[in-house]
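Biologist: Could you take a close look at one part of this model for me, namely how its charged side chains pair up? I would also like to hear what lies around them.

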Amino acid sequence: MMKNYVKEGQKLPLFGVGPYIVFGMAVITVIGTVLFCYVLNVGTLGMPWAVIFRIAGGIFMAAGVAVWFTGSMRSGMDDNIAENKLKTDGIYACVRNPMYSGIWFLIFGASLMWHNIFLVPIVVINWIIMSIALMNTEEKWLEGLYGEEYLLYKKE
């Protein structure tokens, strides 16, 4: 796995598997968008659904940027990773993976902008991929590193 440690003794990578997950979700979304909206040209909704989907898409995109920004830039998570401390306050008190959740909201919102009904299942596929990838990587790392503290955090 990629080594991007900030300091000696740091037990978790700064970026983890995130870039791979995000890249995979983006590729699946782009392929679906090209396939359904341009190649097959099926599933595109007309008015008023187009407006509803685009408004919802804008809201999801804005929420995604806000959640990602708060989790990555405003939370102090880098310091917690460097100090091998579990982050459970701030936005991390509401969601375990705000950066991934924010990106997922952003991709979901972007998908809605095409107002195509066949892109909705792709959003579900992206969520499943993200969840499985996190459960099998970062959540196992965190459980191994923090033990009972992380298990209690997951329950909350």
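Modeller: Happily! One cut-off is needed at the start: a residue is called buried when its relative accessible area is under 20%, exposed when it is over 50%, and partly exposed in between. Please also keep in mind that this is a predicted model.

Let's begin with Glu139. Its relative accessibility is 8%, so this residue counts as buried. Glu139 makes a salt bridge with Arg96, and their closest N and O atoms are 2.7 Å apart. Glu139 belongs to helix α6 (residues 138-146), whereas Arg96 sits in the loop between α3 (77-82) and α4, so this pair ties together parts that are 43 residues apart in sequence. Arg96 has a relative accessible area of 31%, which means that it is partly exposed.

Glu139 also has a salt bridge to Lys154, where the closest N and O atoms are 3.7 Å apart. Here the link runs from helix α6 to Lys154 in helix α7, so parts 15 residues apart in sequence are tied together. Lys154, at 29% relative accessibility, is partly exposed. Through shared partners, the salt bridges join Arg96, Glu139 and Lys154 into one network. So the acid in this network is buried at 8%, while Arg96 is partly exposed and Lys154 is partly exposed too.

How many salt bridges does a search of the whole structure find? The count is three. Among them is the pair Lys87 and Asp89, whose side chains meet at 3.0 Å, N to O. In this pair the lysine is buried, as Lys87 has a relative accessible area of 11%. Asp89 is partly exposed at 43%. As general background, oppositely charged side chains can pair when their charged atoms come close.

Next, the aromatic side of helix α7. The whole structure yields seven aromatic pairs. One of them joins Tyr150 and Tyr153: the ring centres are 6.0 Å apart and the planes stand at 50 degrees, so the pair is tilted. These tyrosines are three residues apart in helix α7 (residues 148-155), so about one helical turn separates them. Tyr150 is buried at 2% relative accessibility, and Tyr153 is buried at 9%.

To put this in context, consider the nonpolar interior. The largest nonpolar core has 13 residues, and Ile21, Met25, Tyr100, Trp104, Phe108, Met130 and Leu134 have the most contacts inside it. Helices α1, α4 (98-112) and α5 (120-136) each supply at least two residues of this core, and the largest share, six residues, comes from α4. A second core, separate from that one, has nine residues and includes Met77, Ile91, Tyr146 and Tyr153. Tyr153 thus appears both in this second core and in the tilted pair with Tyr150.

Trp104 is worth a second glance. Besides its place in the largest core, it forms an aromatic cluster with Phe60, Phe105, Phe108 and Trp127. Met25 touches Trp104 as well; beyond its neighbours within four places in sequence, the contacts of Met25 are Ile103, Trp104, Ile107, Asn126 and Met130.

Finally, the outside has a nonpolar side of its own. A surface patch of about 950 Å² includes Leu35, Tyr38, Trp114 and Phe118, and its largest share, five residues, comes from helix α1 (residues 18-39). Leu35 is found in helix α1 and is partly exposed, at 34% relative accessible area.

Conventions:
Residues numbered from 1 in each chain as written. Predicted model: local features only at pLDDT ≥ 70, side-chain atom pairs only at ≥ 80, totals over all residues. Heavy atoms only, no water. Patch = residues over 30% accessible without salt bridge, like charges linked within 9 Å, V, L, I, M, F, W, Y side chains within 5 Å. Areas by Shrake-Rupley, 256 points an atom, 1.4 Å probe, with all protein chains shown as cover. Salt bridge = Lys/Arg side-chain N within 4 Å of Asp/Glu carboxyl O. Helix = DSSP H or I, 4+ residues; strand = E, 2+ residues; numbered from the N terminus. Buried < 20%, exposed > 50% of the residue type's maximum accessible area, 1.4 Å probe, protein only. Core = buried A, V, L, I, M, F, W, Y, C linked by side-chain atoms within 4.5 Å. Contact = heavy atoms within 4.5 Å. Phe/Tyr/Trp six-rings, centres within 6.5 Å; stacked < 30°, edge-to-face > 60°.
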